[in-house]
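Visitor: Before we start, could you show me the structure, so that I can ask how its descriptions are arrived at?
Guide: With pleasure; here it is.

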Amino acid sequence: MTDIPLIFEISQPGRRGWQLPALDVEDAPLEEMLPAGQVRAEPAELPEVTELDVVRHFTRISALNMCIDTTFYPLGSCTMKYNPRVTEKCARLPAFDLHPYAPTECSQGTLELLHGLQQMLCELCGMHAFTLHPAAGAQGEFAGILVARAWHEARGERRSKVVIPDSAHGTNPASARLGGYQVVTVRSDGRGRTSPSALREVMDGDVALFMLTNPNTLGLFEDGILEIAEIVHDVGALLYLDGANLNALAGIVRPGDLGFDIVHVNTHKTLSTPHGGGGPGAGPVGVTERLADFLPGWVVEKGVDNGFRLRRPERSVGQLRSFFGSTGVLIRAYAYLRALGGRGLRENSLTAILNANYLRSRLRETFAPHVDEPCMHECVLSAKSQKKRGARALDIAKRLLDYGFHPPTVYFPLIVEEALMIEPTETESKTTLDAFVDALLAIDREIDECPDVVRGAPHSTPVGRLDEVSAARRPVLTMPVNGAME
Amino acid sequence: MDWTGSSPDERRQMLAAIGVDSVEALLAAIPRCVEGLPGIPDGLDEASLLRHVSDLAQRNRPAGPGKCFIGAGAYEHAAPAVVEALISRGEFSTTYTPYQPEVSQGTLIAGFEFQTLIARLTGLDVANSSMYDGASAAAEAALLAIRYTGRTAVVVSGAMHPEWLCVLRTYLSGVGAEIRIAASEYGRTPLGQVEACLDGNVACFLIQQPNFLGQLEDLRAAAEAAHAAGSLFVAACNPLALGILASPGECGADIAVGDVQPLGIPLSFGGPYAGYMAVREPLVRQMPGRLVGMARDAQGRRGFTLTLQTREQHIRRERATSNICTNQALVALAATIYLCALGKHGLREVARHNVVRAHRAAERLQEIPGVRLAFDGPYFNEFVLRLPRKARDVCRHVRERSGIWPGLDLGRFWPDMADCLMVCVTETKTREDVEALRAALEDALQ
Amino acid sequence: MDLSDYRFTESHEWVQVREGLAYVGITDHAQEQITDITAVELPAEGKTVKAGDEIALVDSVKSTFSIFAPVGGKIVRVNESVVEDPSIVNTSPYGEGWLVAIEMSDPSEIDALMDESEYEELIAEEE
């Protein structure tokens, strides 16, 4: 079997893939316009291919991907729900394709839509104001951390620590560090939650912010949340919600009502904008009234004349990317919220919780739950008993590929041994969930019957397990211009 | 709309298997539940939703083809139809970060191709698989330089996009790095002044090419100045312009960053776009963002996988090179397809056409009495005109009379440039479009 | 391998005094647990550290591990060859795979560390 060719490997000198608009003005030699030193000596070695070459290459490689459109994709913490096509259609309406410096009076439709999105996110999260500016959830976290810092500084305080549970996503500590904070980790208790007493021990007047994911990454609701909020606020710190798991709460409970001061929303999770193979997403950030003046980017305002305009908040922490935000993504999020309405959002969350608990109830005898109690929208199981029998979580994940399923997240959260983190989402049917459970149970039997089949999986994919050690020790990150790879 | 997956009967079966009467029974631990969300209007069926969103779109008044001469960091270019057709495939759009390489070769191959294309365009060794946008990529480059050199200040050209400068300030505020700005003179970065700012505490010197005002900077001299102080040199380059301009690598840059938006990415009111970052080999392990590398499986088949992941937040947490997680994969894919479709000669040609059209347009517009080029240096596809009146008033007049958006009023950023209009002319503007602009400007200035 | 003059920490570093300098590396047990090492990040020469300070990072494909100073002092040598080829730490953890050499500020700190048999007991307990 031959390797799948790269586009560079099908290039042939002289092939063309596109025709430029003809030059209808007087041509001139470049040297009349640009100094010689500014001109590139040789054209960059881009491929030379026809339009059909391009279409075939990218269509063929696309078929090598598993995706939601073809496959159940229960990747925990990523909310891989169906992406409705109608929101795509909305985002592609030509009149939305405006220059970011389009005059305000020419962009009223976009501004009205963005204003509506801000309002709906405020309602969804129980917040006072939202900025739609951040490019992704991690940038939203960074924004929230800067807002917290600016708020403390405006009160004449310089605090140095951010507290984060050990079950948190890695972006939380990385964002806190980028914000100039020292990270203090608080350990989860035996119930997989942040215990108020453990939190109390690390909270003091030097803590700026406590960042919590709720439900947490174990799929469990932090049921001490009201006490946690009190502990955080008692030392003058702020409470941050990592909204990665908002798909469990939408329409059921609002973060603001639970005492959160800042929340970011991952549009590509809860609001079903396509994941795109890893972006683009958007990470709107909502805050309570006392923090609204510090938001980055712009807020969309409705004037007394009923016109919409952008305003930079008075004491804004600045800007995190150029221009207003990822408007194309935000249009999809708006359309999704309008399609569902408040009731639909609640129905989604309830169904996501139902599906996760159904999987949990069917699998808990075979794969030990880390905490054996009902979960929210995802359940975290452990393959530690399977490991003793000779197959690790990674082997089970790879074997699932042969059964035609995308595996769950494995080895996260870090505090769970041999973790399998399964998030089914609300858009999957019982039929699909049952087939997935049957596959996992079959793999469990295979561990005893034919362990090498499991440990050597996958067997049916375009490539097998790759030698990642060599790839990391001697990285090959681009194709050399002359000569073959390696 | 309702996109939930199971029938009412199936839901009842699932509840029975769990052993509860309703999902609500699983939520007892949640305090302060709400009954509903009155602030979110009732859901809409598909047709009504499309009607509603189309109504909103109708309230925009886009300039229309051939009439928007605003650039300033976001450029109208023509993109081959295959770009949108291919990125719309669900196999690309409804998949996620390729954590399971065996079933993600499509995304990974495209990522590796993007890295290769960017490395070749920039003349540097290695590129990552995308950043959020050009401005945040520039900020991440400054942070990389700070980590690599152990120095704590950066020198930035004052001719950089003002919003990018703002992003740099925000990103660097966290770690408390010092930013020294070399104010532009005559539309370009005064390298003499830059040398005075460069000392042993400067991690990098950052310059934009073409700069915000459309002028071309002398990258070679800038690189020499930076290196003389032991600083890294970061060039923020328009990738389309690199079709014809000397690459940052050949000019001595250590890091190149930029926004791929000019590679046929829709303007879309500011995003989503994607940033790129390319570096010299010794900087690779300090790079932020995802990297795709080549690997072999047990049978010797070639495959691609995310590599050097221990730089990243999901492993190194607070010690990661950046907090970036999800990037802009689908936009990077669009840029990849654009570059492949245009190809080696097509990209050079489109860049050349931009230069020619912009220069022809500048000549015509300067024939208007009282209008002259503000700066005399070389430029790519964007130039600044000094007008005998306030640019803001001229823009409004032109727009109201002709529907043309003649350019960006620089008074928006600098009050002392209120009579400056920045005009961008790409391959999307025909001779007639420019003639119409000329007539409209002439009318406005009478 | 004769490890009689090696001393060990609970965090699986070893230290051996060679010509007055404390050479530091990770134990065979540690490299086995880490699996294939893909990168090693070492401190700058001349840096002063206390016992228990983080002095290096060792990466596998999917994890990163902190390495702590068994004794305090000044780091006078770092092993560049393990940065070039990290697999040496896997193949020769007690020999060529050493990480740093420390000029000790208080040589008596070594006495508080475990000897070979105590360390073997510790591993047995962990498993």
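Visitor: What share of the contacts in chain B with a separation of 6 or more comes from residues 24 or more positions apart?
Guide: Such pairs account for 72% of those contacts in chain B. Please keep in mind that this is a predicted model.

Visitor: How many helices and strands does chain B have, and what box do its C-alpha atoms fill?
Guide: Chain B has 14 helices and 13 strands. Along the principal axes, its C-alpha atoms fill a box of roughly 80 × 55 × 45 Å.

Visitor: What percentage of chain B counts as buried, and what makes a residue buried?
Guide: A residue is buried if 20 or more other C-beta atoms lie within 10 Å of its own. Of the 446 residues of chain B, 64% count as buried.

Visitor: Let us turn to helix packing. Why are H6(B) and H7(B) called oblique to each other?
Guide: Helix H6 (residues 134-149) and helix H7 (residues 162-175) of chain B pack at an angle of about 40°, and their axes are 8 Å apart. Angles under 35 degrees count as roughly parallel, and 65 to 115 as roughly perpendicular. The angle of about 40° belongs to neither class, so H6(B) and H7(B) are oblique to each other. H6(B) passes H7(B) in a right-handed crossing.

Visitor: Which residues make that contact of H6(B) with H7(B), and how do they divide by class?
Guide: From H6(B) come, among them, Ala135(B), Ala139(B), Leu143(B) and Ile146(B); the residues from H7(B) include Trp164(B), Leu168(B), Tyr171(B) and Val175(B). By class, the contact has 12 nonpolar, two polar and one charged residues.

Visitor: What makes H13(B) oblique to H14(B)?
Guide: Helix H13 (residues 391-402) and helix H14 (residues 431-445) of chain B pack at an angle of about 120°, with axes 9 Å apart. Roughly perpendicular covers 65 to 115 degrees, and roughly antiparallel needs an angle over 145. The value of about 120° fits neither, which means that H13(B) is oblique to H14(B). The crossing of H13(B) with H14(B) is right-handed. Val394(B), His397(B) and Arg401(B) are among the residues that H13(B) brings to this contact, and H14(B) brings residues including Ala440(B), Leu441(B) and Asp443(B). Together the contact residues divide into seven nonpolar, two polar and two charged.

Visitor: Now for chain A. How do you know which strands of the sheet are edge strands?
Guide: The seven strands form an open sheet of mixed pairing, in the order S1-S7-S6-S5-S4-S2-S3 (chain A). Strand S1 (129-131) and strand S3 (182-186) of chain A each pair on one side only, and these are the edge strands. From one strand to the next, the twist averages 25°.

Visitor: Why do strands S5 and S6 of chain A count as paired?
Guide: Two strands pair if at least two bridges are found between them. Three bridges join S5 (residues 238-242) to S6 (residues 262-264) of chain A, so the pair meets that cut-off; the two strands run parallel. One of the bridges has Tyr240(A) with Ile262(A) as its partner in S6(A).

Visitor: How many residues does each chain give to the contact between chains A and B?
Guide: Chain A gives 173 residues and chain B gives 168. On the side of chain A that touches chain B, H8(A) gives the most, with 23 residues. That side divides into 96 nonpolar, 47 polar and 30 charged residues.

Definitions and conventions: Residues numbered from 1 in each chain as written. Chains lettered and ligands numbered in written order. Predicted model: local features only at pLDDT ≥ 70, side-chain atom pairs only at ≥ 80, totals over all residues. Axes fitted to C-alpha atoms, helices over the stretch in contact; angles between N-to-C directions. Helix = DSSP H or I, 4+ residues; strand = E, 2+ residues; numbered from the N terminus. Left-handed = near helix turned anticlockwise from the far one by under 90°. Contact = placed C-beta atoms within 7 Å. Nonpolar A, V, L, I, M, F, W, Y, C, P; charged D, E, K, R; others polar. Buried ≥ 20, exposed ≤ 12 C-beta atoms within 10 Å, placed from the backbone.
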